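Please keep the sequence and the model side by side while reading, since the paragraphs below move from one part of the fold to the next.

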Amino acid sequence: FSSIILTTSTFIDDTNYLTTLSKQPSFLCSVLSVKEILTLTKPTFDKLFRDSGSVGASIGVLRHRQQDFLNVGAKGLGVSALPDQETVYLISSMSKPIISTAMGILMDDFPKYQLKFDTPVSTILPELRGSPGILNIYTNQELTIADLLDLRSSFQWLTNLWESPDGDIPWQTIDPVTSLLQHLPANDIYTSHEAFVYNRNYSNECFALLATIIERKTGNSWAEFVRKKVFEPLGMHNTFVGLTEAKRNDMLKTFAKSHSVQVTGVLFDLQQCTDSDGVISRTKVAECFDRHYGHIPQSVEIPPSQASSAGHAGPSPLAAAAGITSTTSDLLKFYSKIMDVYNQRREERDSNLLPYPDHLNTPPERGMNYLFGHIKSRLSPDPLNSTCTYTGGWNTVTVPMTPEERNASPRPRWPGADGDNARRLESAIQSKIHGDDLDYSFFVTKPESHVADINAETEKPPLTDPSESKKHLALYHGGNMVGATSFCWLLPDHETAVVVLCNTRGFLLDAANLSGMLLAECLYLAESDAHHDTGSVVDAVKRACEDTEKMARAIQIDYLYDLARYENSLASRFRDLDPASNGRDTAGLEGRYKLTNDVFITITAEQRGLILRFYGTGYGYLLRELREDKNPSEQIGSEKTMTFAQPMAELIPTGVGGTNRLKVEDFVVVFKRAKAGGVEWEGFEWNFARDKTLRERRGDVNPYVWRRVREKGA
């Protein structure tokens with residue numbers, strides 16, 4: 001919503017009602033139509049996308065087989081055309097439910113593919129047999145297909161090794177993943193079922209392995225299998241993976257451009273928001289935000305992420321986790337079929353029809369049905385338990401959540417909470433600077449609220465049972481990659497789905513997530529029993545909008561607070577190498593360092609300074625050294641401490657990539673000499689995992705040491 005597109009920044013009412021199949025009227029009655037809800041929420045949607053710096057977005061709503069599409073902004077900076085329901089966006093991690101459906105298709109045809117949920121991964125990928133990384137510590141058993149689909153691995157967090165700020169995806173095969181699993185110990189945090197935060201250990205590499213399993217079992221590329229077995233049967237003709245550059249150029253007018261958001265105009269003032277001890281003050285950051293409000297984000301066009309492109313060997317396995325591109329129209333076809341299958345499973349309980357698998361004729365239907373059997377087994381046996389569980393490629397939660405559940409310990413994941421929005425809002429709530437009335441409000445009942453029993457006229461219970469429960473199973477997923485954000489929410493027994501695709505990565509605020517949840521909440525509020533009066537629903541929708549705007553303000557302030565701390569930490573603890581030293585500071589540091597044969601880093605002396613690059617290509621990180629006056633002992637002798645954390649003003653125009661968590665310590669490397677008093681540096685230690693898993697030492701072996709590769713003859 002920069003000035004270049006303000007003339008087209010209001011929502012357009014391009015509502016397009018499509019009845020996809022004949023069906024009897026739903027047992028649910030809505031007081032407000034989708035169009036009326038969108039009219040009420042327009043000002044808040046407009047504010048969310050403008051405040052986040054988003055350039056354009058497309059929203060799709062499916063309710064009782066009718067589709068509505070809303071579009072805002074533009075396909076790109078300097079582009080006058082509005083996006084529409086056929087505009088193609090990178091959907092990022094919303095690719096995962098598509099891959100899980102493909103796995104369901106394989107497992108449904110057991111005679112042909114010999115795959116089950118409990119199949120050990122190493123039986124299909126024998127190169128992983130005996131690898132320490134695929135051992136689940138809490139079960140002391142090998143990883144299975146179900147573990148990959150449920151993100152229940154004990155993997156280290158590896159994203160910092162492949163998500164480049166310029167969108168490059170250097171891992172074009174599965175080899176770097178398998179070599180790391182062979183080399184690294186299992187993550188020692190996950191020692192029990194309860195140790196998984198929100199019942200998952202989020203790992204894109206799980207879905208890269210699933211893509212490889214598809215290829216090993218079918219003999220075809222995973223992208224081709226997904227196209228033939230999922231996209232084509234569902235008529236998803238504008239959904240792609242692994243497009244060549246030539247093909248993408250032929251379709252240039254169809255694709256949304258990619259953008260990032262910087263806040264350089266306010267950065268100097270932010271860094272002055274300190275207390276008497278020189279520590280960044282949340283309160284002063286909030287005051288700074290209010291002073292500069294309306295002029296904070298600046299949108300920047302960036303190259304698209306290469307996650308969706310085809311390399312020399314075809315689409316990268318990592319694209320299965322985050323590289324599919326699609327449209328709101330196509331995704332609603334996918335979500336519609338998922339909800340159809342879910343509701344057929346419910347309806348079959350009370351019918352005299354043949355078992356529902358006989359009515360599921362297409363591969364996607366049968367794959368989805370197979371997955372729902374697994375999802376049901378993973379849900380809590382307690383129907384009043386709203387704990388979020390990641391299973392079958394989806395975040396699942398039963399809603400609405402009660403105040404008691406909301407305040408339970410350990411604290412549950414909020415319904416629809418996703419990514420940095422949730423983390424920053426939780427931090428803002430705990431800080432108390434926004435008052436006691438700030439809270440997450442989507443699908444969380446208030447103590448004084450009366451929630452109508454919308455299932456009162458039916459005996460068809462939600463998947464979680466028992467029939468007296470007012471709970472409803474929800475499926476949701478978000479996506480966040482270089483140049484794009486996305487979000488979807490499905491409430492199958494309400495026959496409702498919401499999808500939001502945005503062409504801007506939301507660091508300041510993930511508007512796709514918040515706008516999607518606001519719309520889902522308002523649709524739920526409107527779908528009450530037939531005697532609920534319109535006025536009270538309108539009031540509830542307006543309150544939801546007010547609560548969303550409060551949450552958005554708190555999230556933005558918390559991001560700016562984190563940013564100010566990050567920038568001050570980098571500037572105060574590290575400094576640029578002294579160009580007057582004529583290389584004395586960097587003597588012996590240049591070279592190639594490897595963690596495994598497939599995972600390496602190069603360090604070269606260039607005009608800017610000492611540059612670190614993953615795999616010798618792509619984005620160059622400037623190395624900075626620890627200031628001697630902070631801890632002189634660390635700068636002499638056998639060690640030298642440096643960081644390749646970058647100022648955000650340098651990262652954002654390229655996309656930011658894996659360094660968006662604003663923690664300088666995540667990118668600190670410690671170079672070690674071969675011997676005390678020597679000149680040559682043997683290697684460096686870098687623990688790249690965010691959770692800083694305790695390293696496992698086998699004698700003197702440290703698995704986080706990158707060792708110098710010596711050239712032949714040297």
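**The sheet and its surroundings**

F671 has F684, in strand 24, as its bridge partner. The model is a predicted one, in which local features need pLDDT of at least 70 and side-chain atom pairs count only at pLDDT 80 or more, whereas totals for chains, interfaces and linings use all residues. Residues are numbered from 1 along each chain as its sequence is written, and side-chain values use heavy atoms, with hydrogens and water left out.

Strand 24 covers residues 681-685, and helices (H or I, at least four residues) and strands (E, at least two) are DSSP runs numbered from the N terminus. Four bridges connect strand 23 (residues 668-673) with strand 24 in an antiparallel arrangement, and two strands are said to pair if DSSP finds at least two bridges between them. Strand 24 is also joined to strand 25 (residues 705-708), again antiparallel, by three bridges. Within that second pairing, F684 has W706 as its bridge partner in strand 25, while E685 stands opposite V705. Four of the five residues of strand 24 are buried, so this strand is largely enclosed by the rest of the structure; buried here means under 20% relative accessible area, with exposed being over 50% and partly exposed in between (1.4 Å probe, protein chains only).

These strands belong to an open sheet of ten strands with antiparallel pairing, in the order 16-21-22-23-24-25-17-18-19-20. At its edges are strand 16 (574-575) and strand 20 (621-622), each of which pairs on one side only. Strand 25 pairs with strand 17 (residues 591-596) in the antiparallel sense over two bridges, and there K594 stands opposite R707 of strand 25. Helix 5 (residues 175-183) packs on the sheet, where it touches strand 17 and strand 18 (599-606), and its direction makes about 70 degrees with that of strand 17. Axes are lines fitted to C-alpha atoms, for helices over the stretch in contact, and angles run from 0 to 180 degrees between N-to-C directions.

What lies in the nonpolar interior? In soluble globular proteins, nonpolar side chains tend to be buried together. The largest nonpolar core has 145 residues, and those with the most contacts inside it are M103, L161, W222, Y335, W686 and W706; such a core is a set of buried Ala, Val, Leu, Ile, Met, Phe, Trp, Tyr and Cys residues joined through side-chain atoms within 4.5 Å. Apart from this core lies another, of 57 residues, which includes L48, L70, A511 and V537. Not counting residues up to four places away in sequence, W222 touches ten residues' worth of surroundings that include I99, A211, I214, V241 and P315, contact meaning heavy atoms within 4.5 Å.Helix 2 (residues 96-108) and helix 6 (residues 204-218) pack at an angle of about 35 degrees, their axes lying 10 Å apart. Their crossing is left-handed, a term used if the near helix is turned anticlockwise from the far one by less than a right angle, with right-handed used if clockwise. On the helix 2 side, K96, I99, S100, A102, M103 and L106 meet N204, F207, L210, I213, I214 and T218 of helix 6. By class, this contact has eight nonpolar, three polar and one charged residues, where Ala, Val, Leu, Ile, Met, Phe, Trp, Tyr, Cys and Pro count as nonpolar, Asp, Glu, Lys and Arg as charged, and the others, Gly among them, as polar.

Some local backbone features remain. Most residues other than glycine have a negative phi, and most peptide bonds are trans. The peptide bond from V399 to P400, however, is cis, with omega near 0 degrees, and P400 is found in the loop between strand 12 (394-399) and helix 14 (403-406). E495, although not a glycine, has a positive phi of about 50 degrees; E495 lies in the loop between strand 14 (484-491) and strand 15 (496-502) and is buried, with a relative accessible area of 16%. Y615 likewise is not a glycine but has a positive phi, of about 60 degrees, and this residue is found in the loop between strand 19 (609-614) and strand 20, where Y615 counts as buried at 12% relative accessibility.
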